[in-house]
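Biologist: I should like a close look at a single part of this model, followed by an account of how that part sits among its surroundings. Please proceed step by step and keep to what the coordinates support.

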Amino acid sequence: MSALHWTYDVDGSDFTRAGEASSNLKKKLRALGVSPDVIRRVSIALYEGEINMVIHADGGKIDVEMTPDRIEMVLRDTGKGIPDIEQAMQAGWSTAADEVRALGFGAGMGLPNMKKNTDEMKIESTVGVGTTVYMTVRI
């Protein structure tokens, strides 16, 4: 099998559409016969990333590549950036607005859940420019 590629645009203005990319990818992986455990991990990591893109960055773009041994996800946004990545990785730490928290989001578990459900995760962020998150789940 050669590599498969998918690209998703995340609309940052609509919380009701957040999760569409992870849901779509979940269906594709299921149809390809990927193990349920891998699908679960990819879906959780990608959903958390999508929510973060909506909350903090007014959306962005997700590129997914699947090879026989791994699924790589790259999430790019042009949001405000993360000033302190180490602090942002702490469970419960969040900069989400009160309105976002009132909707049930922004509990500060997104990045920790992304890391927990991936085999590799790297974050590059520049304040005022945006953030890129690289995640890999081995098959």
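Modeller: The part I have chosen is helix H2, which is mostly covered, with 16 of its 22 residues buried. The model is a predicted one, and the description that follows should be read accordingly. H2 comprises residues 36-57. From its first C-alpha to its last the helix reaches 30 Å, close to the 32 Å expected at 1.5 Å a residue. Just after H2, Asp58 takes a positive phi of about 55 degrees, and strand E2 occupies residues 59-67.

The next matter is what H2 rests upon. H2 lies across E1, E2, E3 and E5, and its direction is at about 5 degrees to that of E3. These strands belong to an open sheet of 5 strands, arranged in the order E1-E2-E3-E5-E4 with antiparallel pairing. E1 and E4 stand at the edges and have a single partner strand each, so one side of each is left without a neighbour in the sheet. From one strand to the next, the twist averages 10 degrees.

The pairings within this sheet can be described in turn. E1, residues 4-11, is joined to E2 by 8 bridges in the antiparallel sense, and within this pairing His5 stands opposite Glu65 of E2. E2 pairs in turn with E3, residues 70-77, through 7 bridges, again antiparallel. A hairpin of 2 residues joins E2 to E3, and Thr67 has Arg70 of E3 as its bridge partner. Towards the other edge, E4 and E5 run antiparallel and are joined by 7 bridges, with Glu124 bridged to Thr132 of E5. Between E4 and E5 there is a hairpin with 3 residues, and Gly128 in that turn has a positive phi of about 85 degrees.

The covering of H2 can be set beside the nonpolar core. The largest such core holds 34 residues, among which Leu29, Ile62 and Met73 touch the most other members. Two or more residues are given to this core by each of E1, helix H1, H2, E2, E3, helix H5, strand E4 and strand E5. H2 supplies the largest share of the core, 9 residues.

H1, another contributor, is also a packing partner of H2. H1 has 12 residues and spans 17 Å between its first and last C-alpha atoms, close to the 16 Å expected at 1.5 Å a residue. Its buried residues are Ala21, Ser22, Leu25 and Leu29. They cover an arc of only 90 degrees around the axis, which puts them on the same side of H1. These buried residues pack against E1, H2, E2 and E3, whereas the face turned away from them carries the exposed residues Lys27, Arg30 and Ala31. H1 lies across E1, E2 and E3, and it runs at about 160 degrees to E1. After H1 comes Gly33, with a positive phi near 80 degrees.

Leu29 of H1 shows how these pieces meet. Leaving out residues up to four places away in sequence, Leu29 touches Trp6, Val34, Ile39, Val42, Met66 and Ile71. Ile39 and Val42 fall within the 36-57 range of H2, Trp6 lies in E1 and Met66 in E2, and Ile71 lies in E3.

Asp9 offers a contrast with this covered region. Its place is in strand E1, yet Asp9 is exposed, with a relative accessible area of 65%. With neighbours within four places in sequence set aside, Asp9 is in contact with Gly60 and Lys61. Its C-alpha atom is separated by 11 Å from that of Gly19, 10 residues apart along the chain.

To return to the chosen part, H2 lies across four named strands, E1, E2, E3 and E5, receives the buried residues of H1 among its packing partners, and gives the largest share of the nonpolar core.

Key
Residues are numbered from 1 along each chain as its sequence is written. This is a predicted model: local features need pLDDT of at least 70, side-chain atom pairs count only at pLDDT 80 or more; totals for chains, interfaces and linings use all residues. Side-chain values use heavy atoms; hydrogens and water are left out. Two strands pair if DSSP finds at least two bridges between them. A nonpolar core is a set of buried Ala, Val, Leu, Ile, Met, Phe, Trp, Tyr and Cys residues joined through side-chain atoms within 4.5 Å. Buried means under 20% relative accessible area, exposed over 50%, partly exposed in between (1.4 Å probe, protein chains only). Contact means heavy atoms within 4.5 Å. The expected span of a helix is 1.5 Å times one less than its number of residues. The arc is that of the directions from the helix axis to the C-beta atoms. Axes are lines fitted to C-alpha atoms, for helices over the stretch in contact, and angles run from 0 to 180 degrees between N-to-C directions.
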